[in-house]
Amino acid sequence: MTTKLYFKEVTIFDGAEFFRGSLTTDGATVTRIVRSGEIPDGGNPTATGEAVLVMPGMVNLHTHVPMTLFKGVAEDLPLKDWLEKRIFPLEAQFISREMCRIAGQWGMAEMLLAGVTAFADMYFFEEEVAAAAKEIGIKAAIGEGVINFPAPNGLNPDETIAYTAELAEKYKDDPWIFPCCAPHSPYLTDEKYLLALADIARKYRIPFHIHMAETRHEQEAYLKQLGKREFVRFDELGLLSERFIAAHSVWVDEREMDIMATRGVTVAHCPSSNLKLGSGIAPVAEMLRLGVNVAVATDGSASNNNLDVLKEAQLAAKVQKGTAHDPTVLPAGEVLKMVTSNPGKVLGRSFGRLTEGGGADIVQVHFGSCGIAPVHDPAAALLYASSPADIAAVWVNGRKTVEEGRILTVDMTALKKEIDRLSAAVRRAL
Ligand SMILES: [Zn+2]
């Protein structure tokens, strides 16, 4: 069910800048936004006053949401051991349609409560993820993972690629589900599969979502094998475009960053995952200087261990300032775009923006709470002082999904029982 909203004389962040103004919606669409003035026919206000912040729903551009089940199962391990000794065996045992639906929805609840209204996923049984997303009321850019061997979904790579095309066709006009191509990585997905997926991405104009240059070991092995760095080779293959989502991109050099900027690649920067797995620190300040579009994302809960993308953005800013020895890099206003309009550029359809005629994916924040007020700099207040507890409400496609820390769309007690049952089985297997 959708409602008409009227935010009267509030603080607005539209995904680009902060201003005082009013905003109305009609069902799933934002109808008017005016600066410093009331909208005459707005009716009774949903909320009013300077201590109300209205912002676009945030976008988490890289995650594996069913992995929420594996939170904390593989701590203090390097990526290779984390993946091969812990995650792959657990996935072989536990991935199922049911697991993807239940653990996926549990992760979606966490995201909605943190003001995230859209996420880009890469996992298996993505139609289950899609169904769970529609039920709870969050937009999902789904991508069935393509690896060189038969995946936990029971499909070989060619079958998964054919299935990706089916998903692209099935959901092409869906207001909640946005299919993507999702090859795992250059080291787990052969070039013939990458090229086949790129054809699908081109045909349906959908994103191509992949892990790139995550660890030094991966980058060095790739260079040794092909004599080139990853983005150089990918450019030769014609894989890079403005629909390309490059998760991580930690080990990239200046030439690669130039190529990324020229081709309009979007980086999904995941600082917690990179730090926890000891992968390193992506050169984000340098990427921005060279004109690369950067988004901040959480990665999956097995490596982060949470899906709060604003917290991740805060970490991104602090780590870049600290490592650059330069507090002027990544100003708060720019960092907030990395969880709103920058990921929106690759997903399209007004993700991460509040615009007239755009989607009513709206987060209302208490800007007068103890942790946040006094607000002398709204961007800094939101980035450095807020927490999910300050979120008053969340609407996605005009449907209210969150109110004061409660999910309104699904029975969370029942969902908790289901996740408890699955996690008990995981604990027995550890
Ligand atoms: Zn990942």
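Colleague: Which domains does the domain assignment of the protein chain give?

Modeller: Keep in mind that we're looking at a predicted model. The assignment splits the chain into domain 1, made of 6–57 + 352–397, and domain 2, which covers 59–347. Their C-alpha centres lie 28 Å apart.

Colleague: And how many residues does each domain give to the contact?

Modeller: People use several yardsticks here. The size of an interface is often given as the accessible area lost when the parts come together. For this model we have a residue count instead: 21 residues from domain 1 and 27 residues from domain 2 take part in the contact. On the domain 1 side, the elements that give two or more residues are helix 14 (378–385) and strand 15 (391–396). Helix 14 provides the largest share of that side, with five residues. Sorted by class, the domain 1 side that touches domain 2 has 14 nonpolar, five polar and two charged residues.

Colleague: Okay, now the strands. Is strand 6 mostly covered or exposed, and how many of its residues are buried?

Modeller: Mostly covered: strand 6 (residues 116–121) has six of its six residues buried. Have a look at what pairs with it, too. Strand 5 (residues 58–63) runs parallel to strand 6, and four bridges join them. In that pair, N60 stands opposite F119 of strand 6. Strand 7 (residues 139–141) is also parallel to strand 6, with three bridges between them. There, A118 has K139 in strand 7 as its bridge partner.

Colleague: Through which helix does the chain cross from strand 6 to strand 7?

Modeller: Through helix 3 (residues 126–136), in a β-α-β crossover that is right-handed. Try tracing that path in the structure above.

Colleague: What is the strand order in the open sheet of four strands?

Modeller: You read it across the sheet: 10-11-12-13, with parallel pairing. Strand 10 (208–212) and strand 13 (293–296) are the edge strands, as each pairs on one side only. Ignoring direction, neighbouring strands of this sheet are turned by 25° against each other on average. For a close-up, take strand 12 (residues 266–269), which pairs with strand 13 in the parallel sense over four bridges. H269 stands opposite V296 of strand 13 there.

Colleague: What should I know about backbone angles?

Modeller: Start with the general habit: most residues other than glycine have a negative phi, and most peptide bonds are trans. Now for some cases in this model that go the other way.

Colleague: Which residues does the cis peptide bond with omega of about 10° join?

Modeller: That bond joins N304 and N305. You'll find N305 in the loop between strand 13 and helix 11 (309–324). Another cis bond runs from A373 to P374, with omega near 0°. P374 sits in the loop between strand 14 (362–366) and helix 14.

Colleague: What is the phi of A213?

Modeller: Near 45°, so a positive value in a residue other than glycine. A213 belongs to the loop between strand 10 and helix 6 (216–226). H325 also has a positive phi, near 50°, and its place is the loop between helix 11 and helix 12 (332–337).

Colleague: Why does A213 count as buried?

Modeller: You count C-beta neighbours, and 20 or more inside 10 Å makes a residue buried. A213 counts as buried because it has 26 of them inside 10 Å. H325 is exposed because just 7 other C-beta atoms lie within 10 Å, and the limit for exposed is 12 or fewer.

Terms used
Residues are numbered from 1 along each chain as its sequence is written. This is a predicted model: local features need pLDDT of at least 70, side-chain atom pairs count only at pLDDT 80 or more; totals for chains, interfaces and linings use all residues. Two strands pair if DSSP finds at least two bridges between them. A crossover is right-handed if, with the strands pointing away from the viewer, the path from the first strand over the helix to the second runs clockwise. Axes are lines fitted to C-alpha atoms, for helices over the stretch in contact, and angles run from 0 to 180 degrees between N-to-C directions. Domain bounds come from an automatic or database domain assignment. Two residues are in contact if their C-beta atoms, placed from the backbone, lie within 7 Å. Ala, Val, Leu, Ile, Met, Phe, Trp, Tyr, Cys and Pro count as nonpolar, Asp, Glu, Lys and Arg as charged, and the others, Gly among them, as polar.
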